[in-house]
Amino acid sequence: MRHAIRTAAACLAAALLAALTPVGTAVADPADDLEPRVDLRVLVVDDGGPAIDAVTAALDGAGTPYTTVDLSDDGRPTVDEDFLADTVDGRPRAKYQGVVLPDDNPFGAGSPEMAALAAYEAEFGVRQVDAYTYAAPAVGLNRPQDPGHAGPLDGTTARVTDAGKAGPFGYLDGEVPFEDNDPRVDESYGYLAVPLADPPGDAVFTSYVDAPVPDSSARGSLIGEYAHDGRRELVVTFVYNRYQQQFRLLARGIVAWLTQGVHLGVDRNHFAVHVDDVLAADDRWNTELNCTPGDVDCGEAGEGVEPDTIRMTAADAEHAARWSDEHGLTLDMAFNGGGSVTHREENDGADPLADRLLADQDAHRWINHTYDHPFLGCAQNTTVVPWRCETDERGNTVWTSRSTVTAQIRDNLDWAAANGLAVDPTELVTGEHSGLAVLPQQPEDNPNLGPALTDTGVTWLASDASRESGQRAAGPARTVPRHPMNVFYNAGRAAEQVDEYNWIYTRASDGGSGICENSSTTTCLDAPLDPATGYTSYIVPLEARIALRHVLANDPRPHFVHQSNLAEDRIAYPVLERLLDDYADLFADDTPLVNLRMKDIGEELRRRAAWKTALDAGDVTAHRIGDTVTVTAPDGTHAPLTLPEGATQRTDGTDRAFGGAYAGLRSGWAGPAADGRASVFDLAGVPDTPETPDTPDEPDDPQAPDPRCLPEFLRLLDLLGLLEKLCGAIVPDAERSTAPDAEPAGELPVPAGVADPVPYGPGDTTGR
C-alpha cells in the first residue's frame with residue numbers, strides 16, 4: 001500500500017523531526033495547505049445480490065456515476081492503494097467519493113483489500129455503505145438476540161429516529177412501512193439489534209431507522225451509522241430489492257449520506273396524470289358480450305349492438321376543477337375539439353360540458369389529442385379480432401395520409417384558438433398513440449407521421465410506456481412514454497371496471513377469458529372480485545401502489561386515464577386520492593410531488609439520455625476540492641447535480657443559488673458553461689451539520705503525536721525494529737489492534753442455527 005507506507009514514512013519523519021527540533025519551533029509542511037481532490041464517483045463492490053442491485057439502480061436512476069468491482073470476476077481489479085487514489089498536478093486525489101459494499105467486509109478477514117479500503121476512507125473522509133450486513137459487534141451492534149430478531153420483516157412498520165430526521169432521512173415523515181403483498185411469501189428478511197452499550201474506543205453507533213423488537217420493549221436498528229477508527233459506515237441490516245417500497249423510501253437518504261449531500265445526479269418524486277378523450281365520448285364495456293361494442297375488440301359479436309357511450313357532464317367538469325384545487329394536483333386534459341362540435345350539432349348547439357371546462361380552463365393544463373380521435377396508423381380491418389392492417393392489391397400496407405394526420409392536429413388547434421383555450425402546439429397525444437408502431441399488427445411507424453409532425457411544429461409526442469418504455473425520435477419529435485393505469489377507458493362505473501377486470505384476470509373455469517393462464521406478464525386472481533366491493537378493496541390499493549412505485553423510482557413519465565373515469569362513478573379519483581394520501585403520510589413537506597407538464601417531462605427524459613451518453617463515453621469529470629465543486633461535460637450537455645442548502649453556482653463572476661430546494665438539499669440541472677468551460681459551484685455558504693465527517697485537528701504542540709499517524713507509525717517502526725529505541729515503550733498489541741473482526745471480551749456467540757451473516761431472506765429468489 002503505497003499511501004499507507006507514504007503516510008507511515010511521513011509520520012516517522014515527523015516524529016524524528018519532533019525529537020530533533022527545539023521546543024517552540026514549528027516545522028511547516030507545504031502539503032498541509034494542499035486540500036485533496038475527491039472525484040464525484042462512487043465505488044460499488046458487487047456480490048450479485050439484490051441489495052447491491054437496488055443501490056446501483058438508485059444511482060442509475062439519478063444519473064450518479066459509479067465504478068463496479070464484480071467479486072465473481074476472476075479478472076477484476078485489485079482494490080489497493082493504486083486503485084483507490086493517486087495524485088493530480090501534485091495534489092492527492094481520492095478517485096471515489098463513497099464506497100458501497102455488499103456487507104461490512106466482503107473480502108474476508110485479514111484481507112489486504114479491506115485494509116486498503118479502510119485506510120483510504122480514513123485518509124480522505126470517504127464513507128462506506130454496508131448494503132446488507134449481519135448485526136454484530138464489528139458494526140457497532142449486539143447480535144440479534146436477547147433482545148433482537150432475525151427473520152422476516154413483512155408488514156413491519158419501521159420508524160425514522162430523531163437522529164435520522166436531523167440527518168439523511170429528514171425528508172421522510174417518520175414511518176417506513178415494509179411491504180407485505182402476499183402473506184404466503186416471506187418478502188423481506190433482516191436483523192433487529194440494539195447498539196453496543198460500550199463500543200470500543202471512541203466508536204459511536206447512531207441509529208437512523210429502527211423498528212420494535214418482537215416480544216420486547218426494545219427497538220432494533222435497521223439502518224445506522226457506525227463511526228469508528230476515523231471511518232463512518234452506514235450499517236443496513238435488512239435485505240431488499242430495487243422495487244420494494246421500503247428501499248425506495250430510503251434510497252435517497254442512503255445516497256445522500258454516502259456522498260455527504262454532494263453528488264452528480266438528481267432524484268425527485270414525479271407524478272403527472274393525463275386525462276385522454278376530454279370532450280369526446282368513450283365506448284362502454286358490455287358485461288354480457290365481454291367486449292366493447294363500437295370498438296375493435298368485439299368483431300362480428302358487436303354487429304348490430306348500439307354503442308353505449310360515456311361522456312363527462314358539466315357537473316363532472318366542475319368536480320374535476322374543484323378536486324384539482326383541493327388536492328394540489330393539476331390534471332392534464334388531452335382534448336378532442338371535434339367531440340364538442342359533434343355534441344352541439346346533436347343538441348341544438350348546446351354543450352354544457354365544454355362551456356364548464358372552458359370557464360375553468362386555468363384549473364388544468366391542456367394537450368392536443370387530435371380533432372376527432374381517429375386511428376392515425378394503418379387502415380384497420382376491424383371485422384376480425386385482433387384487428388389487422390389493410391393492404392392494397394400489391395400487399396402494401398395502407399397508411400393514413402399525411403394530409404389527414406396534419407388536418408387532425410391543426411383542426412384541433414384551430415378549435416382551441418377559436419374558443420380561447422391556451423394550448424402548447426408542440427405537445428401532441430394521438431388517439432391510442434396511433435401513428436406510432438403497435439405490435440404485432442403494425443411493427444413500424446406510419447411513414448406519414450413524421451412529415452405531418454414537421455408540418456404542425458410538434459416536438460413532443462405521447463407514447464405508451466407499456467409498449468415502449470424509453471424515449472425515442474419520431475420524425476422531428478421525441479416521444480414522452482406514459483404509464484397506462486389499469487382503470488379502463490371503457491368503464492364509467494365501478495361494477496363495469498370489476499367485470500372487465502375479472503374477464504381479463506380470472507381463469508376460464510372461474511368465468512374469465514383465461515388469458516392470464518398463458519400470460520408471461522400477468523397472473524390470475526385466486527377468485528373473481530366481488531362486483532360490489534372489488535374495486536375499492538382490491539383494484540384501488542393495487543393501482544395506487546403500482547403508481548406510487550413509479551413515483552418513488554424517480555420516474556418522471558406521466559400516467560394516463562380517460563375522461564370516462566371522471567364521469568358517472570368517477571372511478572379515477574379513489575386511485576389518485578389513495579396515492580396522494582399515502583404519499584402525504586410518508587414524506588415531509590419539503591419533499592412534494594413534482595407535477596410537470598408534458599413537454600417538461602420530455603425535456604427531463606432528453607436531458608437524462610444525453611447525460612447517460614456523456615457518462616458512458618467518459619466525457620464527464622467532476623470533483624470537489626474543499627468548498628469548490630467543478631463539473632466538466634460536453635458542450636450543450638446539462639449536468640444533474642445535488643448539493644447542500646446554501647450552495648451557489650458561479651456564473652459570469654457572480655454566485656447565484658443553485659437549483660431548487662428539495663428533500664433538504666438543492667438539486668437541478670446545471671446549464672452547460674460557455675465555450676466548453678467547467679461549471680463551478682461554491683459550498684462556502686453551506687452550514688456545518690453533524691453530517692460533515694469529523695477530522696481531528698492538527699496538534700498544537702509540534703512534539704505531540706498526531707493521532708492520524710499513530711497506527712501507521714507504529715506499524716512502520718515495528719517493521720524497522722526501532723520502536724523501543726525511539727519511543728521508549730512498546731504499546732501492547734492488544735491495545736492497538738485494528739483487526740475488523742476484533743470483538744470485546746465476553747461477547748455472546750452467534751445463536752445456534754444462525755449464519756454470520758445469513759446471505760438473503762428465504763423469500764428472495766434473486767441471483768446471489
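The questions and answers below concern a predicted model of a protein and look at its overall make-up, some of its strands and several charged side chains.

Reader: What share of the residues of this protein count as buried?
Author: The protein is built with 18 helices and 36 strands, and its accessible surface comes to about 33,800 Å², of which 49% belongs to carbon and sulfur atoms. Of its 768 residues, the share that counts as buried is 50%.

Reader: Among contacts between residues at least 6 apart in sequence, what percentage join residues at least 24 apart?
Author: One example of a pair separated in sequence is Pro 152 and Ser 188, which lie 36 residues apart along the chain while their C-alpha atoms are 5.6 Å apart in space. For the protein as a whole, among contacts between residues at least 6 apart, the part that joins residues at least 24 apart is 72%.

Reader: In the open sheet that contains E8, E11 and E15, which are the edge strands?
Author: This open sheet has three strands in the order E8-E11-E15, with antiparallel pairing. E8 and E11 (residues 189–192) are joined over four bridges, and one of the bridge pairs sets Gly 151 opposite Gly 190 in E11. Each edge strand pairs on one side only, and these strands are E8 (149–152) and E15 (238–239).

Reader: Is Pro 152 buried, partly exposed or exposed?
Author: Pro 152 is found in strand E8, and, leaving aside neighbours within four places in sequence, it is in contact with Asp 186, Ser 188 and Tyr 189. Because its relative accessibility is 36%, which falls between the 20% limit for buried and the 50% limit for exposed, Pro 152 counts as partly exposed.

Reader: Which residue takes a positive phi in the hairpin of E32 and E33?
Author: Strand E32 (residues 648–651) and strand E33 (residues 654–657) run antiparallel and are joined by four bridges, with Arg 650 partnered by Asp 655 in E33. Two residues stand between the strands of this hairpin, and the one with a positive phi, near 55 degrees, is Asp 652.

Reader: Lys 95 is buried yet has no salt bridge; how far away is the nearest side chain of opposite charge?
Author: Lys 95 sits in the loop between strand E5 (91–94) and strand E6 (98–101), and its side chain reaches the backbone oxygen of Asp 82 at 2.9 Å. Its contacts beyond four places in sequence include Asp 39, Arg 41, Phe 83 and Tyr 120. A salt bridge requires a distance within 4 Å, so Lys 95 has none with Asp 86, the nearest side chain of opposite charge, which lies at 4.1 Å.

Reader: Which residues are linked with Arg 493 in a network of salt bridges?
Author: Arg 493 meets Glu 496 in a salt bridge at 2.9 Å, N to O, and Glu 568 in another at 3.9 Å. The pair of Arg 493 and Glu 568 links distant parts of the chain, 75 residues apart, with Arg 493 in the loop between E27 and H12 and Glu 568 in the loop between E28 and H14. Glu 496 is buried at 7%, whereas Arg 493 is partly exposed at 37% and Glu 568 is partly exposed at 33%. The residues linked with Arg 493 in the network are Arg 284, Asp 308, Glu 496 and Glu 568.

Reader: In which helix do Glu 604 and Arg 608 both lie?
Author: The structure holds 40 salt bridges, and one of them joins Glu 604 to Arg 608, with the closest N and O atoms 2.9 Å apart. Both residues, Glu 604 and Arg 608, are buried. They stand four residues apart, about one turn of the helix, and the helix that holds both is H15 (residues 598–616).

Notes. Residues are numbered from 1 along each chain as its sequence is written. This is a predicted model: local features need pLDDT of at least 70, side-chain atom pairs count only at pLDDT 80 or more; totals for chains, interfaces and linings use all residues. Side-chain values use heavy atoms; hydrogens and water are left out. Two strands pair if DSSP finds at least two bridges between them. Buried means under 20% relative accessible area, exposed over 50%, partly exposed in between (1.4 Å probe, protein chains only). Lys and Arg count as positive and Asp and Glu as negative; His and the chain ends are not counted. A polar contact is a pair of N or O atoms within 3.5 Å; within protein, one must be able to donate a hydrogen and the other to accept it, and residues adjacent in sequence count only if both atoms are side-chain atoms. Contact means heavy atoms within 4.5 Å. Accessible areas come from the Shrake-Rupley method with a 1.4 Å probe; for residues, only the protein chains shown count as cover.
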